[in-house]
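Colleague: Please take me through one part of this model closely. I want its setting, its neighbours and its packing.

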Amino acid sequence: MKYVEKRKQIVEYGNKLLEEKLTTGTGGNISIFIREDQVMLISPSGIPYPEIKEEDIVLLNLEGEVLEGNRKPSSEYDMHRIFYQRTAHVNSVVHTHSEYATVFACLHEEILPLHYIIGSVGNKIRCCDYKTFGTYELAEEVFHKIGNDKGLLLGNHGVIAVGGDLPASFSVAKDIEFIAKLYYRARSIGKPVLLSDEALEEVVEKFDTYGQLRTYGQE
Ligand SMILES: [Zn+2]
């Protein structure tokens, strides 16, 4: 079996999705791109995360053909592979239906910069139009809308987060839910004071220079 360490990482982060309350049941999916071999590993369809073993992770090429594995790949693999086909920097994608972010996705409402952590995603969290799950049409819509951001709300669906590796894409998925929860709560009792583009630019520079320190509190 190839890429055992990377398979283990997907198993581990699948369980983290549950621990961090970013998904329930079999929702969401995770992939890693092995750029040197132009292949990707993705979580299987329909198996609860605690039951997923390394051998259940599916190896695909960028045409979406299964190279190794007896399981069915996640039905949303198009949304992952489009980033590996078309970018030089994305090597991992995490997709969730995390609750607060999905509330805004159902409203087709972008999340505005009310907290500096949003700098790890973009200067706001945009939302793309609704397209049927598991279609290349959805993948195209996501890819078109995300631009240079690291995360996006999927209209009437959920969240996508991308990064240079799995810890990075997972961290973005977590940040999106954190910000969405703040935005929901702040909006329910008042009008959040938004950060300026200049303030966010400074944050992004600091993140780039020092690495993204994950020291803020979460429930
Ligand atoms: Zn989904």
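Modeller: I begin with the whole chain, move to one helix, and then work outward.

This is a predicted model, in which local features need pLDDT of at least 70, side-chain atom pairs count only at pLDDT 80 or more, and totals for chains, interfaces and linings use all residues. Residues are numbered from 1 along each chain as its sequence is written.

The protein chain holds 6 helices and 8 strands. Helices (H or I, at least four residues) and strands (E, at least two) are DSSP runs, numbered from the N terminus. In sequence order the pattern reads α-β-β-β-β-α-β-α-β-α-β-β-α-α. The radius of gyration is 17 Å, close to the 17 Å that the globule rule gives for 219 residues, so the protein chain is as compact as a globular protein of that length. That radius is taken over C-alpha atoms, and the rule is 2.2 Å times the number of residues to the power 0.38. The C-alpha trace spans about 50 × 35 × 30 Å along its principal axes.

Of the 219 residues, 42% count as buried. Buried means 20 or more other C-beta atoms within 10 Å of the residue's own, exposed means 12 or fewer, and partly exposed lies in between, with C-beta atoms placed from the backbone. Take contacts between residues at least 6 apart in sequence: 63% of them join residues at least 24 apart. Contact means that C-beta atoms, placed from the backbone, lie within 7 Å.

Now the part itself: helix α2, residues 77–86. It is mostly covered, with 8 of its 10 residues buried. The buried residues are Tyr-77, Asp-78, Met-79, His-80, Arg-81, Ile-82, Phe-83 and Tyr-84. What do they pack against? Their partners include five strands' worth of named segments: β1 (29–34), β2 (39–42), β3 (58–61), β5 (92–96) and β8 (158–163). Helix α4 is another partner.

Look closely at that helix pair. The axes of α2 and α4 (residues 136–146) come within 8 Å and cross at roughly 55°. Axes are lines fitted to C-alpha atoms, for helices over the stretch in contact; angles run from 0 to 180 degrees between N-to-C directions. The two helices are therefore oblique to each other. Under 35 degrees counts as roughly parallel, over 145 as roughly antiparallel, 65 to 115 as roughly perpendicular, and the rest as oblique. The crossing is right-handed. Right-handed means the near helix is turned clockwise from the far one by less than a right angle, left-handed anticlockwise.

From α2 come Asp-78, Met-79, Ile-82, Phe-83 and Arg-86; from α4 come Tyr-136, Leu-138, Ala-139, Val-142 and Phe-143. By class, this contact has 8 nonpolar residues, no polar and 2 charged. Ala, Val, Leu, Ile, Met, Phe, Trp, Tyr, Cys and Pro count as nonpolar, Asp, Glu, Lys and Arg as charged, and the others, Gly among them, as polar.

Next, follow α4 onward. Lys-150 sits in the loop between α4 and β7. It is buried, with 23 other C-beta atoms within 10 Å. Beyond its neighbours within four places in sequence, Lys-150 contacts Ser-120, Val-121, Gly-122, Ala-161, Val-162, Gly-163 and Val-172. Ile-160 lies 10 residues from Lys-150 in sequence and 8.3 Å away in space, C-alpha to C-alpha.

Asn-156 is in the loop between β7 (151–154) and β8. It has a positive phi of about 55° although it is not a glycine. Asn-156 is partly exposed, with 15 other C-beta atoms within 10 Å. Turn to Lys-21, in the loop between α1 (4–19) and β1. Its phi is positive, about 60°, and it is not a glycine. Lys-21 is partly exposed, with 15 other C-beta atoms within 10 Å. Most residues other than glycine have a negative phi.

A second helix pair gives a comparison. The axes of α3 (residues 99–107) and α5 (residues 166–189) come within 7 Å and cross at roughly 65°. That makes α3 roughly perpendicular to α5. Their crossing is left-handed. Tyr-100, Ala-101, Val-103 and Phe-104 in α3 meet Ile-176, Glu-177, Ala-180, Lys-181 and Tyr-184 in α5. This contact divides into 7 nonpolar, no polar and 2 charged residues.

Last, Thr-209 in helix α6 (residues 197–210). With 7 C-beta neighbours inside 10 Å, it counts as exposed.

Methods. Two residues are in contact if their C-beta atoms, placed from the backbone, lie within 7 Å.
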